Each structure stands twice: as C-alpha cells, then as structure tokens.
Amino acid sequence: MHRQLGNMKQSLFDQGYLDEQFVQLEELQDDANPNFVEEVVASYYRDSARLLLNIEQALEKKPLDFMKLDNYMHQFKGSSSSIGAKKVKFECTHFREHCRAGNGEGLLDKLGLFTRHVAQSKEWKFCTMARNF
Amino acid sequence: MVVYLAGKMVIGSSKKVVADPIEEVRRICALVVDDDPLVRRIHGMLLARYGLETEAAENGKEAIDLFLSGKTFDLVLMDMEMPVMDGLQATQRLRGMGVSSMIVGVTARGLEAEKEAFMATGLDACCVKPLNAEAVISVLDELAKKLL
C-alpha cells in the first residue's frame, strides 16, 4: 500500500497534477503531527466534495448566479492552491474568467464538464487513497 | 532583545541578566485570519513550526473582535478576500484602532494593482498565498527587526 501510494504520488508530480506546495505539507509533518498530510488531504476531499455539490446545484438554477459560482470557484481555487493541486487550480482560474465575463453561452456545459473532470481526476483518487490509508 | 531558543523565535527581556532565559521569555503570538479552514490549518502549522503561538479567525470581523476583547498579537496574517469583513476593511479598522502589530496580507491574487490597494490599507507586507517556509522566514526576519 505504501509503495502504491508513493508511486501514485510521484506520477501526480511528474504529470503536473501536484506542485511544490504538496512538498511543503509533507515537510510540516513530524512526530507531533504524524498524520498531518493525510488529515489535510481528507479535509480537502470533504470541502471539495461539498463545493462541487454546491456548484452543481447552482448550475441547475436559472438564471445562472455568476457571482455565487465565482465565489464557489474562488474557494475551490484557494483550497486547491493550499494542497498543491496544480491542475485543479488552473481549471478554477479558467472557469472563473468565464463567470466574471458573465459568459453564459456554453458555460453550463463547461462547468458541468469541469465538475465531472475534477471528480474523476487522479487527484481525487490520490485523496481517496490517502483518506482510506 | 529577540532570542531564538532551539531554533524558535521568542522575545526576551534585555533589562536584566537571568540565569534561565526560558523564564523571562514569551512566545511570539500570531493570528491567522482566513475564511478557508485548510489555509488556517496550514498557515497555523507553518508558524507553529517556528515556535509561534497561533490563534485563528474566519474573517476580518472576528479578528477585530479578538483585538477588542483585549488580545494582542505580534503578527497577523490577513487574507484579502473573506465574507462578512474582508482583509482590506479589517486592516484599515485595526490601524484605526491603533493596532501596531505586524500585519501581513495574504492573497491568491497576483494583480499588482490589487496588492497595492491592499498594502495601502496599512499592511507591513503582502505575500502570495499559500505561504511556504521561505516566505514565513522572511516575514519572521522582518518581525524580528520590528520587535528589536
């Protein structure tokens, strides 16, 4: 299990899913806080699941509340930056630009794809493994 | 006199000689103000790694309420965007109250104009979020100069 987790983590770094911030978290883990990384990842998983649900519910409402969507994405971007989830952070920035432009055309489909992408992304699988480890 | 004990930053009395410096020192106190619980945890851990005692507030109003309750902090890490009261308003209010703590703005925004607007409210420095060890050491070095 250790090796599987280690291999997956290295793969995430190599493919640009994780960045230096994740290394910072690992360096904060010590004897006084032996499960710090796992706890942070689990917290990110819980918060992100909640945010994705909020985003999906907001997408179902007409007309679209761009300010609310932008706020959710802002929170998601902040959490993703803190944990070093590089690609998710990039996706958040990209879709916030659409929210701020009030660009509703195709936005629903794009955000829908985004939430499905994040939910299925490798970061989630890594988070799940860390949470269950 | 600022004393580093076991690699951690504390404040010591420079006015008398003490046999055991640990008795005459107090730990640096920091307040982490951020609406994101993950950020509060991570920044709190980073500061604690360097020996700081930390408390947390979820928004600018909570931070102000802590100061109004009589608490003092040597360092405040202030997030820019928060509900209820954002970092710009909170920093302005704190400076208006006469708070002289070192206040460091923390923002995920990279636009210079926004950082300058945040600085103009009375920050001592502004860093990009999330903080790393290098940024924290830089902040603590500036705090040491301020406290000396």
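# A tour of the two chains, from sheet to pocket

Begin in chain B of this predicted model and select the strands of the open sheet, of which there are 5, running in the order 5-4-6-7-8 with parallel pairing. Colour strand 5 (53-57) and strand 8 (125-128) of chain B separately: these two stand at the edges with a single partner strand each, so one side of each has no neighbour in the sheet. If you look across the sheet, neighbouring strands are turned against each other by 20 degrees on average, when direction is ignored.

Next, narrow the selection to residues 75-79 and 102-107 of chain B, which are strand 6 and strand 7, paired in the parallel sense over 5 bridges. Within this pair, pick B:Val76 and follow its bridge across to B:Ile103 in strand 7 of chain B.

Now add the helices that pack on this sheet. Residues 112-119 of chain B form helix 4, which touches strand 6, strand 7 and strand 8 of chain B, and whose direction makes about 140 degrees with that of strand 8 of chain B. Residues 133-147 of chain B form helix 5, which also packs on the sheet and touches strand 6, strand 7 and strand 8 of chain B, with its direction at about 160 degrees to that of strand 7 of chain B.

Two loops of chain B deserve a stop for their backbone geometry. In the loop between strand 8 and helix 5 of chain B, select B:Pro130, which is joined to B:Lys129 by a cis peptide bond with omega at about 0 degrees. In the loop between strand 6 and helix 3 (87-96) of chain B, select B:Val84, a residue other than glycine whose phi is positive, near 70 degrees. As background to both stops, most residues other than glycine have a negative phi, and most peptide bonds are trans.

Move over to chain A and select A:Pro63, placed in the loop between helix 3 and helix 4 of chain A. Here too there is a cis peptide bond, joining A:Lys62 and A:Pro63, with omega at about -5 degrees.

From this loop, go on to residues 20-28 of chain A, which are helix 2, and display helix 4 of chain A with them: the two axes come within 6 Å and cross at roughly 60 degrees. Show side chains for A:Gln21, A:Phe22 and A:Leu25 in helix 2 of chain A, which meet A:Ser81, A:Ser82 and A:Ile83 in helix 4 of chain A. By class, this contact between the helices has 3 nonpolar, 3 polar and no charged residues.

With both chains displayed, turn to the contact between them, which takes 23 residues from chain A and 16 residues from chain B. Chain A and chain B bury about 1600 Å² between them, with 56% of that area on carbon and sulfur atoms. On the chain A side, select A:Leu28, A:His74 and A:Ser82, which lose the most area to chain B and together account for 29% of what that side buries.

The last stop is the largest pocket, whose volume is about 370 Å³. Its lining has 22 residues, and those closest to the pocket centre are A:Asn71, A:His74, A:Gln75, B:Asp35 and B:Pro83. In chain A, helix 3 (36-59) and helix 4 (66-83) each supply at least two residues of this lining, and helix 4 of chain A gives the largest share, 7 residues. Coloured by class, the lining shows 11 charged, 6 nonpolar and 5 polar residues.

Note on methods:
Residues are numbered from 1 along each chain as its sequence is written. Chains are lettered from A and ligands numbered from 1 in the order in which they are written. This is a predicted model: local features need pLDDT of at least 70, side-chain atom pairs count only at pLDDT 80 or more; totals for chains, interfaces and linings use all residues. Side-chain values use heavy atoms; hydrogens and water are left out. On a 1 Å grid over the protein atoms alone, a cavity is a set of points where a 1.4 Å probe fits but cannot get out, and a pocket is an open set with protein on both sides within 12 Å along at least five of seven lines; lining residues have an atom within 4 Å of a point. Grid points are joined across faces, edges and corners, and a volume is the space filled by probe spheres set on the points. Helices (H or I, at least four residues) and strands (E, at least two) are DSSP runs, numbered from the N terminus. Ala, Val, Leu, Ile, Met, Phe, Trp, Tyr, Cys and Pro count as nonpolar, Asp, Glu, Lys and Arg as charged, and the others, Gly among them, as polar. Two strands pair if DSSP finds at least two bridges between them. Axes are lines fitted to C-alpha atoms, for helices over the stretch in contact, and angles run from 0 to 180 degrees between N-to-C directions. Contact means heavy atoms within 4.5 Å. Buried area is the accessible area (1.4 Å probe) that two parts lose on being put together, summed over both.
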